[in-house]
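Trainee: Could you take a close look at one part of this assembly for me, chain A and the surfaces it shares with its partner chains? I'd like one connected walk-through rather than a list.

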4 protein chains.
Amino acid sequence: DAPFALISGPCQLESLEHALMMAERIRDAAEAARTPWIFKASYDKANRSSLEGKRGLGMEKGLEILAEVKARFGCPILTDVHEPGHCARAAEVADLLQIPAFLCRQTDLLLAAGETGAAINVKKGQFLAPWDMANVAAKIASTGNERIMLCERGTSFGYNMLVSDLRSLPIMAETGYPVVFDATHSVQLPGGQGTSSGGQRQFVPPLARAALAVGCAALFIETHEDPDNAPSDGPNMVPVSELPALLARLRAVDDLIKS
Amino acid sequence: DAPFALISGPCQLESLEHALMMAERIRDAAEAARTPWIFKASYDKANRSSLEGKRGLGMEKGLEILAEVKARFGCPILTDVHEPGHCARAAEVADLLQIPAFLCRQTDLLLAAGETGAAINVKKGQFLAPWDMANVAAKIASTGNERIMLCERGTSFGYNMLVSDLRSLPIMAETGYPVVFDATHSVQLPGGQGTSSGGQRQFVPPLARAALAVGCAALFIETHEDPDNAPSDGPNMVPVSELPALLARLRAVDDLIKS
Amino acid sequence: DAPFALISGPCQLESLEHALMMAERIRDAAEAARTPWIFKASYDKANRSSLEGKRGLGMEKGLEILAEVKARFGCPILTDVHEPGHCARAAEVADLLQIPAFLCRQTDLLLAAGETGAAINVKKGQFLAPWDMANVAAKIASTGNERIMLCERGTSFGYNMLVSDLRSLPIMAETGYPVVFDATHSVQLPGGQGTSSGGQRQFVPPLARAALAVGCAALFIETHEDPDNAPSDGPNMVPVSELPALLARLRAVDDLIKS
Amino acid sequence: DAPFALISGPCQLESLEHALMMAERIRDAAEAARTPWIFKASYDKANRSSLEGKRGLGMEKGLEILAEVKARFGCPILTDVHEPGHCARAAEVADLLQIPAFLCRQTDLLLAAGETGAAINVKKGQFLAPWDMANVAAKIASTGNERIMLCERGTSFGYNMLVSDLRSLPIMAETGYPVVFDATHSVQLPGGQGTSSGGQRQFVPPLARAALAVGCAALFIETHEDPDNAPSDGPNMVPVSELPALLARLRAVDDLIKS
């Protein structure tokens with residue numbers, strides 16, 4: 001029952017300066033709360049609601065920045081991959097590869113990610129039951145890579161809304177793999193703003209506390225210094241200025257539950 | 001931010017002896033955990049899945065037993081009402097009247113309950129959004145009775161399953177009324193066993209912890225000394241032998257969150 | 001494979017004159033389409049979204065009007081009942097008693113309705129699976145009354161929305177009882193307008209055609225000469241001026257499917 | 001209001017002989033019902049529930065077979081693509097490229113498919129609202145390719161079940177693009193059999209009739225001579241021996257609705 005780890009970052013890479021600034025603020029908050037942390041950012045947003053959504057800096061530029069963050073802060077790096085052919089290159093920099101929820105059933109991507117030997121964080125598709133993730137994990141494990149994490153990020157609930165079924169945490173934990181709760185995307189309102197997704201930032205802290213009270217190995221919380229002007233996921237990101245207080249409280253819940 | 005109250009009992013009244021035994025065990029557990037408690041039992045199960053489900057002892061016999069529990073233990077009593085004409089009589093014994101979820105939109109029942117002056121715990125219909133409960137509360141408040149509690153007990157999620165959307169707790173709290181989380185019926189599998197409802201007892205403790213971590217005023221947890229042979233709700237009731245340890249843990253979560 | 005019957009009326013009784021006018025227009029449309037018809041109206045709307053919603057004329061005044069419609073047009077009358085004690089009186093006038101969806105699990109109401117000997121149209125709760133209606137029907141049948149109809153009126157789908165799962169028609173038909181599709185309430189947006197329910201009138205014709213294409217015994221379509229100013233269900237009622245063309249088209253689909 | 005087109009085939013390519021046999025039987029049924037038809041088969045099943053599910057013959061072998069079917073029967077060919085890099089090669093043989101539902105938000109795949117100039121059938125994700133498909137279509141249309149079809153294939157409804165919301169057909173038709181109803185995958189029970197998906201073959205005919213009664217441009221119905229032993233989608237495929245009678249009936253509904 002190790003303390004929970006924090007996976008955090010600005011969702012989408014903006015620039016080297018921005019990534020370093022964010023990493024520093026996340027590190028400070030995490031260290032103050034004695035919380036292991038992993039820096040997360042995407043170099044490409046491959047599945048935006050509409051074509052107008054910003055895509056990102058591209059793979060090579062993005063990996064350069066992530067490598068620099070890793071060099072400066074010594075933190076593990078998580079980034080997401082969208083095609084089998086990108087996995088090996090991404091894993092040269094990233095310690096953890098993330099499989100996006102929409103892609104969690106794409107066999108070739110799961111196998112390619114697994115073969116890199118990196119740790120793999122698979123988001124549970126919004127269309128999947130928690131018990132169906134055992135099959136997803138088995139695809140990765142077939143490569144000999146058992147460094148698998150299963151991540152709850154909300155389940156389709158009518159149109160343009162997700163619901164967080166916290167039963168999924170103990171159900172997915174039955175696989176034996178660590179379970180992550182993504183408090184950021186769980187409060188997304190998919191497609192809820194016409195050409196982009198809305199979100200309910202105010203529910204990140206209570207749902208993150210709830211997930212720790214149920215029990216989980218890691219929390220995924222995206223953050224930004226100015227979420228309302230972030231290139232993606234703004235409506236559901238926590239302002240980085242609120243991260244220290246949030247983490248302190250989450251640390252206390254986790255300590256209590258795991259005591 | 002008062003500590004959470006426990007609403008607990010054996011779901012359905014079986015006999016005076018049984019009610020007294022259950023009340024004693026609940027009291028002992030609640031006192032050990034410094035938790036205010038309310039004894040809950042139904043004298044009639046008016047909406048069983050099928051006709052074979054046991055209905056209960058009837059109103060007069062049931063109220064006699066509840067009055068005796070109240071006299072012996074000095075605890076507040078909660079029971080549920082199903083027809084406007086029953087409210088006044090039930091309120092002679094019960095301190096809190098409960099409106100069943102299926103009936104939470106029945107205006108006459110809400111008004112009759114409100115007019116008794118008793119505290120009213122309204123279960124949110126499985127078919128309602130949390131923000132729709134403001135209209136339900138307003139019906140009761142129109143009688144001049146503001147002693148209202150709003151209770152989450154799960155939301156329809158496909159067929160034969162409910163989901164606990166914990167966002168509903170802060171959303172309903174915006175009304176200003178105390179919010180209750182019913183950890184027992186939230187893990188019901190309605191109709192899941194042919195002629196009765198199934199349940200997932202194993203999720204009562206984690207969801208109860210989660211509700212307190214989000215923040216709520218009371219927990220509703222039915223219990224029985226032999227749930228597998230209880231006349232109703234057995235699959236989702238917690239064995240009373242497990243109540244002391246459960247309450248101790250819940251008390252710690254609540255204390256932390258409200259500190 | 002008898003032709004489908006039409007259950008239609010203005011939802012809520014407004015006055016004798018209004019009821020007679022509506023009945024005449026419905027009769028004309030039904031006769032032109034060679035369609036058996038049943039006049040439906042409620043004397044009380046017992047479960048409005050909010051207290052501001054108009055309740056209706058009351059039982060005695062309402063039944064008088066329904067009796068007059070029956071006398072003038074010779075049509076069967078359907079009205080809904082909300083308490084066990086009202087069933088016998090309502091059945092003195094009504095040929096068919098309707099159990100509202102929220103109340104479809106209330107045993108006493110089902111038994112009291114069944115005992116009148118009237119035909120009973122039970123709406124499937126928004127929270128029920130179609131196969132769960134067998135238990136509901138069995139409660140009524142236990143009174144010796146087998147004149148039962150099972151009615152699809154939409155299923156909870158996230159918040160403030162229903163979905164019409166047309167598989168429910170053949171599934172409920174396995175009970176052997178005739179199945180009704182309520183095209184009016186299936187397109188309700190419950191609670192979707194703050195203190196009242198919204199609706200999607202434009203989907204009544206396509207869903208009614210779809211239900212007949214799947215196969216059903218009756219359609220329930222509320223209508224009004226001025227839906228936007230009707231006291232209830234306006235957003236999902238079809239203007240009575242459109243009923244003749246709609247019925248003609250529905251008749252053709254039904255004839256084809258049952259040929 | 002052209003008559004509906006039939007998209008049909010054995011889901012997964014098994015061999016040249018099998019493909020030719022199936023094409024012949026589908027052609028015979030379609031011609032008897034005066035129905036334009038498109039042969040559909042997959043050379044790769046990239047998102048099986050588990051690793052044990054058969055993947056298919058591979059791209060080159062599969063495209064060879066599809067080319068042969070096209071040469072012999074002169075029918076248009078539809079196949080699905082899973083990676084941007086495969087689109088151009090697939091479009092050398094296929095007249096229509098299909099975007100799988102899980103991948104309907106992957107921008108690079110939509111653009112690569114659009115750029116081939118082939119017609120594109122995009123399945124609506126089980127996690128998407130029908131109105132969200134306008135953004136999906138706009139991504140394809142940005143390539144200058146307006147030969148777009150939008151396909152309903154069921155929406156997530158709780159766990160391990162889909163529901164067909166037929167309102168989606170007119171809603172998606174507001175884009176101006178032809179709308180397809182996939183009667184095969186709409187009756188899938190995803191993950192419902194442990195390591196494969198279950199299905200409800202019995203609902204294919206009623207839902208296909210319902211979709212035509214609502215109005216749509218094409219039906220997608222997979223078929224097999226021995227569905228129970230087919231390598232994929234067996235539980236929801238119609239036996240090819242039943243196709244002629246089914247098509248005749250569907251033709252009649254479509255003719256009536258479009259008359």
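Mentor: Let's fix one term before anything else: a polar contact here is a pair of N or O atoms within 3.5 Å, where, within protein, one atom must be able to donate a hydrogen and the other to accept it, and residues adjacent in sequence count only if both atoms are side-chain atoms. With that rule, the interface of chain A and chain C shows zero residue pairs in polar contact, counting pairs with both residues at pLDDT 80 or more. Keep in mind that this is a predicted model.

Salt bridges don't turn up there either: the rule finds zero of them across the interface of chain A and chain C. As for who sits on that side of chain A, the residues touching chain C split into three nonpolar, one polar and no charged. The contact takes four residues from chain A and four residues from chain C. About 390 Å² is buried between chain A and chain C, and carbon and sulfur atoms give 87% of that area. On the chain A side, the residues that lose the most area to chain C are A:F157, A:G158 and A:Y159, which together make up 86% of what that side buries.

Now the symmetry. Turn chain A by 180°, with a shift of 0.0 Å along the axis, and it lies on chain C with an RMSD of 0.0 Å. That's the relation of a two-fold axis. The same surface serves both copies, with 100% of the contact residues of chain A recurring in chain C. And A:G158 shows up again here: of the residues of chain A, its C-alpha comes closest to the rotation axis, at 1.9 Å.

Next, swing over to chain D. Chain D also superposes on chain A through a rotation of 180° with 0.0 Å of shift along the axis, at an RMSD of 0.0 Å. Here too the same surface serves both copies, since 100% of the contact residues of chain D recur in chain A. In this interface, 38 residues of chain D are in contact with 38 residues of chain A. Chain D and chain A bury about 3300 Å² between them, with 49% of it on carbon and sulfur atoms.

The polar side of the chain D and chain A interface is easy to follow. The count is two salt bridges, and one of these joins the side chains of D:D108 and A:R55, at 3.0 Å from N to O. There are also 14 residue pairs in polar contact, both residues at pLDDT 80 or more. On the chain D side, helix 4 (107-115), helix 5 (133-141) and strand 7 (155-156) are the elements that give two or more residues to the surface touching chain A. The residues of that side come to 14 nonpolar, 14 polar and 10 charged.

Finally, step back to chain A as a whole. Its secondary structure comes to eight helices and 13 strands. The radius of gyration of chain A is 17 Å, close to the 18 Å that the globule rule gives for 259 residues, so chain A is as compact as a globular protein of that length. Taken along the principal axes, its C-alpha atoms fill a box of roughly 45 × 40 × 40 Å.

Terms used:
Residues are numbered from 1 along each chain as its sequence is written. Chains are lettered from A and ligands numbered from 1 in the order in which they are written. This is a predicted model: local features need pLDDT of at least 70, side-chain atom pairs count only at pLDDT 80 or more; totals for chains, interfaces and linings use all residues. Side-chain values use heavy atoms; hydrogens and water are left out. Copies are superposed by least squares on the C-alpha atoms of residues with pLDDT of at least 70 in both. Contact means heavy atoms within 4.5 Å. Buried area is the accessible area (1.4 Å probe) that two parts lose on being put together, summed over both. A salt bridge is a side-chain nitrogen of Lys or Arg within 4 Å of a carboxyl oxygen of Asp or Glu. Helices (H or I, at least four residues) and strands (E, at least two) are DSSP runs, numbered from the N terminus. Ala, Val, Leu, Ile, Met, Phe, Trp, Tyr, Cys and Pro count as nonpolar, Asp, Glu, Lys and Arg as charged, and the others, Gly among them, as polar. The radius of gyration is taken over C-alpha atoms; the globule rule is 2.2 Å times the number of residues to the power 0.38.
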